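Student: Hi! Could you walk me through how the chains in this one fit together?
Tutor: Happy to, let's look at it together.
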Number of protein chains: 4
Amino acid sequence: MPDKNTIAVLDDGFVRLVDVMGTDSAIVQAARISYGDGTKTPSDDRHLIRYLMRHRHTSPFEQCELKFHIRLPMDVMRQLVRHRTASLNEYSTRYSVAIDSHQKHYPGDWRYQAKSNQQGSDGFVINDNASIALESTKKETQVLSDVSTLYKALLDQGIAREQARSILPLSTYTEIYWKINLHNLFHFLKLRLDSHAQQEIQMYAKAIYHFAKQAFPIATEAFDDYVLHSCTFSKQECNALRELMSIDVTAMGECGGLQGRELNEFKDKLTMIMEGVC
Amino acid sequence: MPDKNTIAVLDDGFVRLVDVMGTDSAIVQAARISYGDGTKTPSDDRHLIRYLMRHRHTSPFEQCELKFHIRLPMDVMRQLVRHRTASLNEYSTRYSVAIDSHQKHYPGDWRYQAKSNQQGSDGFVINDNASIALESTKKETQVLSDVSTLYKALLDQGIAREQARSILPLSTYTEIYWKINLHNLFHFLKLRLDSHAQQEIQMYAKAIYHFAKQAFPIATEAFDDYVLHSCTFSKQECNALRELMSIDVTAMGECGGLQGRELNEFKDKLTMIMEGVC
Amino acid sequence: MPDKNTIAVLDDGFVRLVDVMGTDSAIVQAARISYGDGTKTPSDDRHLIRYLMRHRHTSPFEQCELKFHIRLPMDVMRQLVRHRTASLNEYSTRYSVAIDSHQKHYPGDWRYQAKSNQQGSDGFVINDNASIALESTKKETQVLSDVSTLYKALLDQGIAREQARSILPLSTYTEIYWKINLHNLFHFLKLRLDSHAQQEIQMYAKAIYHFAKQAFPIATEAFDDYVLHSCTFSKQECNALRELMSIDVTAMGECGGLQGRELNEFKDKLTMIMEGVC
Amino acid sequence: MPDKNTIAVLDDGFVRLVDVMGTDSAIVQAARISYGDGTKTPSDDRHLIRYLMRHRHTSPFEQCELKFHIRLPMDVMRQLVRHRTASLNEYSTRYSVAIDSHQKHYPGDWRYQAKSNQQGSDGFVINDNASIALESTKKETQVLSDVSTLYKALLDQGIAREQARSILPLSTYTEIYWKINLHNLFHFLKLRLDSHAQQEIQMYAKAIYHFAKQAFPIATEAFDDYVLHSCTFSKQECNALRELMSIDVTAMGECGGLQGRELNEFKDKLTMIMEGVC
C-alpha cells in the first residue's frame, strides 16, 4: 500500500486518506451564506477563513469532511475512540480472527516513566541501560508469542472468537474507517499533537495533520496560527503580564508584522491587559 | 436556479443538492472492514446494504454525507434545526437585511385545524367556504405588507438590524447550507415524511428524499423497505395478532415473495408471536 | 461494596448506581410544555409517557439522566465506548498502575464459536468436552500470570506505564463513571439486551436495566412494551402477513386486551397491511 | 413566579432553575477515577478542579447537569437552539394557541446599527433622537396589535394553528425546558456572555451564569479565571509580544500573585514566546 495517500506509522500501522468532501472554498461558501458575498477574490477567501478561525466561528469548518483508513494498535484505538464526533467502523474480532500483528517495542523504543509527569514518559532506556532494553524486548517477544499460540489453540478447539480474544494484548493491531468533519478534526489535532499526548497517538495525529494540510491548506494554516501555536493566558497570568510589561498602547506602531484589523485586535487585547479588565 | 440539482418547494423556496460524499459502495466498503471481504459482486453489495439496514447496523451509513442549499420559511427552519446531527450555516439577519420574501398562503392553501389531531390540519377551507379563504389571504397580504414597511422604516432610521428583525413574521424566508450524514438523514426522513409531520416540512423532506435516492439508490431502497414502509407492533399488539392468526410456522412455505434468510427471519418473528415470547 | 445500589457482574465486575436526575414525572413535565397541561392525574401521567414512547416522541426522555460507576473488562469497555452519547471518565493506565485483575474463564464458561452466526457463540464446551474446557482455563491462567509478571517487571525497571500496558490483555478490568440520558440509555439497552449482543455486555446491560426500571418504572415499562418487546415487519413481510391473514378490520372488536386509542392504532396498522399501503 | 430560583429577563421572559445533577464534588469524583485518589481535602478539590479547567480536561465537567425552564422571544430561541448539545422541549404552537405576548421595544430600548461591526448595535436612539424612538415604539405596537388581531381571526375561522402561526413575529414569546451538562454550558456561556453576542441573549446568559455559579461555585470560578477572562494570543501576536517585552525568565521571581505550579506554567509560556517556539 505504498502510495502517496498512505503514511506508515509505528512498526506495522498506517494512515490512508480515503476521501475528502469540500475544499477551502467550501468553508468560504458556507460562511458567505451568513456574511453576504461582497468579497470574492482568492485573497479575500484567505482573509475570510483566517477571520473565521481567529474568532472561533467554527460552523463553516463543519461543512468539510475527511475519511481515513487507519491501522493502529488497540491501545491507540482506545484513545482515538474517545473523540465521539467521528464516525467509525472497526475490524471485528467477533466476526473474524484477529489481525496477527502486534505493536512491538524494539530495544530502542523503551521509554522511562516520567518523574515530573505522572502520565508521561521521559528519555530512552537504551541510552543508559542497554541490557534492560534488550531484555525487555526479548521478554515481550516471548509473551506475545505465547499469547498468539494460545489464541490460535483456543480457536482450533472451536472456542468462540469473542471469548478467545480476551487474552489478546492491547498492542494487537486493528483497522478502522474513520470520518470526521474539519472542525472536529482540528479539535482532535489540538489535543493529540500536544507534547503531553502519548507519543504513539502523536504519530498518528501527525500523519492525519499532513492530509488535512494537503486538502485544506488555507484552513490548516489558520489553525496553525490561531489555535495550534497560540498561547492562552489566564486572568491571573494577564495580571502578571501587566507587571512585566509597560506599554503605551495608543503610541504603538506596527509590531511583529501585524497589520490592519489584526493589529487593532492585538492592541485591544493589550489595552484590556493594561487596564486590568481582561 | 432551474437546474437538475434544484427542486422548487412552496411559493419561493427550494432544495438544491450541493455536494455528496460517497456512494452505495462507500457503505459496503466501511461495513466490509467489520465483516470481512469474502463477498464482492454487485449483487452481494445490494444484499449487504439491505442486511445492514434490516438489522439496524447503522454506522456504515454514517460514512456518507449530503450537503444541501435550502431556502425555507423560518417557521419550517424552526423544525429543521431541531435535528441536531446536521451541520448548518444560516443567512444572518443580524449581518444582512432580511430576505424580502415571505411564505404566502394563497386562497387554496388554507387548511382547517384538525378535529381529531390537536397538532395537525385537515381539509381545505376553500372547498366549503371560499370567502373565508379569500378574505384570509387578503388580510395576510395586508399585514405582511405593513410589517415589511415598518421593517424598512426602522432600518432607514438607523435602528439595528438585530432589533428591527424582531417584528418579522415566521413566514420570512431564510437560506441555509445543511450537511448531514446518510444515517441521520434517514432518521430525519422517517420523521418528516410521516403524514403527521406538518405539510410544509413534508414537502422539503420529499425534495431531500429525491436527492438521497438519486445519490444512494440501493441504500434508499433498503430504507424504504425496512424502515419507511415497515410496521412495528407493540408487545400488546403482538398478543392481538396471535388471536387473529392461526399459523403453523413450521409448515409454512414461501410467502409474500420472501426467500432465503429473509424468509427465515420472518418465520422467526411469527414463531415468537405465536409462542408469546415477543 | 455489597449495597443495594451495586450489582456484581462477571467474576470481578459490577454496576453501581451513583446518581439519578429526574423521575417519571420529569418526563411528563417536559412533555407538558409542548402538549399543554389539561391532563393532570397520575393515571394521565402514565398514559402520556406511554403515548410518547409509542410515537417515538423521544425528547422528553432526554430530560432524565442516570450515572453509573462500572467495573468491566476492557473487552466489554471497547463495546460500551461506542455509545457516543454517554459522558465517561475512565481509570487511566497512563497515570496509575493497571488494575491487577482480569476477567478469567472458568472451565464452565467456555463457549463454542456459533456455526450459524459468524459473530456469536453457541453452547458450552464443558458439556461435551470437559478436558478442552479444563485445559483452556489452565493455559489461560498460565498466560495471564506470565503477562502480569512481565508487566510488573517492566514497571520495576522504570519503563513508562503507557508503554508497559501494551501487553495487558483485553480481559484486564478497568473502571468508569458513565452518565447517559434516559432516551440514549433505552437505545443502548435495545441493542445490548438483544440476544445477538455478546453475552458479557448483555450481563452489564441487564444490571443497568435493573436500575433504569427502579428509577423510572413507568417509562421503562413503556420501553418494554413498545420497543424492547415490539416486532417490526418490513414492507415485504407486511405483504406476506396479508397473504397469511384474512381480517375484516371494520368488523373487528376488542382484541388482545387493546382498548381505546391503542385499539384504533392497531386497526389502522392492519388496514394499511390489508390494503397494501404499508 | 417570583421565587429565588427565577430571574426575570426582558419585558416578559425569565430563567428558572428546575433541577441540578451533581456538585463541585461530582467533578472531583469523576476525575479521581482517572487520576487516583491520593489527594482528598477540600482545598485539594479546588486545586484539582482548577487544574482540570486550566488544562482543558473537560470530561469530568460533563458529569454535571443543569435544567432550566426559560421563557424567551422566538428570536432569542433561534440563537439558543443552535447549541446542539442541549436537550430541549418547547411550547408547541401547532398543538396550542401561541403565547399572547411579544418582546416589545420601549422608546429607551432602540439601538442604532453599529457602524464598525456589521452584526451589532451601538448606542441608544433615544439619546439623540427621541422622536424616532417614540415613533418606532408606536408603530411597532400598532403592527403587533394588527398581527395579533389577524392571528385570532384566522383561528376563529377554524384555520389550522400550524398555518396561522406563520404571521407571528419573531418577538413572540415561547417557553422551553432546557437541560445541558456543565462542560457544554460553559462553552455556551463563553460565546453568549461575549460582548459581541446580541444583547438580548447576553441577558439570558447572565441569568443562566448566576445559577451555574450558585450550583457549582468552584468550577465556575475556574471557568472565570481560565476561560472567560483569559486572553489568547495568536502565533503572530506572540511574535509581537516578544518585540514588546524583554524578560529574563530564569531570573523571574513571583509575579502577579502566581505561585507554585501555575507560576512554572506561566514561565514556560513566556519562555516559549521569548524563544519563538510558540
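Tutor: One term to start: copies are superposed by least squares on the C-alpha atoms of residues with pLDDT of at least 70 in both. This is a predicted model, where local features need pLDDT of at least 70, side-chain atom pairs count only at pLDDT 80 or more, and totals for chains, interfaces and linings use all residues. Residues are numbered from 1 along each chain as its sequence is written, while chains are lettered from A and ligands numbered from 1 in the order in which they are written.
Student: Okay, what rotation superposes chain A on chain C?
Tutor: A rotation of 180 degrees does it, with 0.0 Å of shift along its axis and an RMSD of 0.0 Å. The two copies are thus related as by a two-fold rotation axis.
Student: And which residue of chain A comes closest to that axis?
Tutor: That's A:P169, with its C-alpha at 2.1 Å.
Student: How many residues does the contact take from each of the two chains, A and C?
Tutor: Chain A and chain C contribute 41 residues each; two residues are in contact if their C-beta atoms, placed from the backbone, lie within 7 Å.
Student: Which element gives the most on the chain A side?
Tutor: α4(A), with nine residues on the side that touches chain C. Helices (H or I, at least four residues) and strands (E, at least two) are DSSP runs, numbered from the N terminus. The elements of chain A giving two or more residues there are β5 (111-113), α4 (130-156) and α5 (161-164).
Student: Switching pairs, how does chain C lie on chain D?
Tutor: A turn of 180 degrees and a shift of 0.0 Å along the axis lay chain C on chain D with an RMSD of 0.0 Å. In chain C, C:M21 has the C-alpha nearest the axis, 2.9 Å from it.
Student: Why do you say those copies meet through the same surface?
Tutor: Because 100% of the interface residues of chain C are also interface residues in chain D.
Student: New topic: what residues touch the most other members in the largest nonpolar core?
Tutor: C:Y204, C:I208 and D:Y204, out of 133 residues. Such a core is a set of buried Ala, Val, Leu, Ile, Met, Phe, Trp, Tyr and Cys residues joined through C-beta atoms within 7 Å. Buried means that 20 or more other C-beta atoms lie within 10 Å of a residue's own. Helix α7 (residues 199-215) of chain C gives this core its largest share, nine residues.

Definitions and conventions
Buried ≥ 20, exposed ≤ 12 C-beta atoms within 10 Å, placed from the backbone.
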